[in-house]
Amino acid sequence: MRTINNITDRQVRNRLRKWRSLATEEQVKAGRVWYGEAEEVANSIAEVTGIDTFTAAAVIAALSPRNKWKRNTHDAWELCKAWAKGEEQDSVTVCTFHANRDKAWRILEGEKDVLATSPKVSAFADTIVNGVMSQSIVVDVWHTRACIVTPNEGVVDCQASPTAAQYRRLEEITLEEANLLGEYPCEYQATIWCAIRDKWETQRRHGN
């Protein structure tokens, strides 16, 4: 399995540049609107349930691993409504790991240490709420892969998520690369996310 520690900073930069240059016009457009659409969902949840928008965004973020976006938002809605009604978290079934549901519930309960120890969740929530003003990078499984694998290598078995120190390293490099292109960090990351996700899913369908 290829890991982040096997890749130099220069290699990470080169891989990000290749994935960004590979992005189609459609993927660039999708990257530009993705976080704005996510913010609309967080705002709607906040308005209906009475929780603040950042908390709603953090719940979405906590429930995102291995969860398709439509179901991700559905799960966030249901969990936030259950919490607002005073129900138990077990009353909500989610399409991610139970540990992620527990994390989202703890966020709703106001446990601040959850975000302090979860850089991806914190960055995801910050980017949803602050959009183009955010200086956070969501280093999820797809962004980690983009930092490790070049587009011409196909689907490669590699590290799925970074340690805290590795997260800071990949985030810093990505921010610098976005700034070099004059792109907003969130749009740069989302565009690369679309590019690698689409390519890998196509390759997997064709058995490559």
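# A tour of the helices

Start with α4 and α5: their axes come within 11 Å and cross at roughly 45°. That makes α4 oblique to α5, since angles of 65 to 115 degrees would be needed for roughly perpendicular and under 35 for roughly parallel. The crossing is right-handed. Keep in mind that this is a predicted model.

**Stop 1: the α4–α5 contact**

Select Leu79, Cys80, Ala82 and Trp83 in α4. Add Arg101, Ala104, Trp105 and Leu108 in α5, which they meet. By class, the residues of this contact are seven nonpolar, no polar and one charged.

Stay on α5, which spans residues 98-108. Pick asparagine 100 in this helix. Is asparagine 100 buried or exposed? Asparagine 100 is buried, because its relative accessible area is 10% and the cut-off for buried is under 20%. Beyond its neighbours within four places in sequence, asparagine 100 is in contact with Ala62, Leu63 and Pro65.

**Stop 2: helix α3**

Ala62 leads to the next selection. Show α3, residues 53-62. This helix is mostly covered, with eight of its 10 residues buried. Which residues of α3 are buried? They are Thr55, Ala56, Ala57, Ala58, Val59, Ile60, Ala61 and Ala62.

Now display what surrounds them. The buried residues of α3 pack against α2, α4 (69-84), α5, α6 (113-116) and α7 (119-130). Then zoom in on the start of α3. There, a side-chain oxygen of aspartate 52 reaches to within 3.2 Å of the backbone nitrogen of phenylalanine 54.

**Stop 3: α2 against α10**

From α3, move to α2, one of the helices that its buried residues pack against. Select α2 (residues 25-49) together with α10 (residues 185-205). They pack at an angle of about 130°, with their axes 8 Å apart. The two helices are therefore oblique to each other. The crossing of α2 past α10 is right-handed.

For the contact itself, pick Gln27, Val28, Ala30, Gly31, Arg32 and Tyr35 on the α2 side. On the α10 side, pick Cys186, Glu187, Gln189, Ala190, Thr191, Cys194, Ala195 and Asp198. Colour the contact of α2 with α10 by class: seven residues are nonpolar, four polar and three charged.

**Stop 4: helix α8**

Select α8, residues 141-148. How many of its residues are buried? Eight of the eight are, so α8 is largely enclosed by the rest of the structure. The list to highlight is Val141, Trp142, His143, Thr144, Arg145, Ala146, Cys147 and Ile148. Among what covers them are α1, α9 (164-181) and α10.

Look at the N-terminal end of α8. Aspartate 140 caps it, with a side-chain oxygen 3.2 Å from the backbone nitrogen of tryptophan 142.

Next, centre on histidine 143 in α8. Histidine 143 is buried, with a relative accessible area of 1%. Which residues is histidine 143 in contact with, leaving aside neighbours within four places in sequence? They are Leu16, Ile137, Val138, Thr174, Gln189 and Ile192. Gln189 was also picked in α10 at the previous stop, where α10 meets α2.

**Stop 5: helix α1**

Go to α1, residues 9-22, one of the helices covering the buried residues of α8. Select arginine 15 in α1. Arginine 15 is buried, with a relative accessible area of 11%. Switch on a distance label from arginine 15 to valine 149. Their C-alpha atoms are separated by 6.7 Å, though the residues are 134 apart along the chain.

Expand the selection around arginine 15. Leaving aside neighbours within four places in sequence, arginine 15 is in contact with Arg2, Ile7, Ala146, Cys147, Ile148, Val149, Thr150 and Glu153. Ala146, Cys147 and Ile148 are among the buried residues of α8.

Last pick: aspartate 9, also in α1. Aspartate 9 is partly exposed, with a relative accessible area of 39%. Label its C-alpha distance to leucine 170: 8.5 Å in space, for a separation of 161 residues in sequence. Aspartate 9 is in contact with Arg169 and Ile173, leaving aside neighbours within four places in sequence. What joins the side chains of aspartate 9 and arginine 169? A polar contact of 2.7 Å does.

Definitions and conventions. Residues are numbered from 1 along each chain as its sequence is written. This is a predicted model: local features need pLDDT of at least 70, side-chain atom pairs count only at pLDDT 80 or more; totals for chains, interfaces and linings use all residues. Side-chain values use heavy atoms; hydrogens and water are left out. Helices (H or I, at least four residues) and strands (E, at least two) are DSSP runs, numbered from the N terminus. Buried means under 20% relative accessible area, exposed over 50%, partly exposed in between (1.4 Å probe, protein chains only). Contact means heavy atoms within 4.5 Å. Axes are lines fitted to C-alpha atoms, for helices over the stretch in contact, and angles run from 0 to 180 degrees between N-to-C directions. Angles under 35 degrees count as roughly parallel, over 145 as roughly antiparallel, 65 to 115 as roughly perpendicular and the rest as oblique. A crossing is left-handed if the near helix is turned anticlockwise from the far one by less than a right angle, and right-handed if clockwise. Ala, Val, Leu, Ile, Met, Phe, Trp, Tyr, Cys and Pro count as nonpolar, Asp, Glu, Lys and Arg as charged, and the others, Gly among them, as polar. A polar contact is a pair of N or O atoms within 3.5 Å; within protein, one must be able to donate a hydrogen and the other to accept it, and residues adjacent in sequence count only if both atoms are side-chain atoms.
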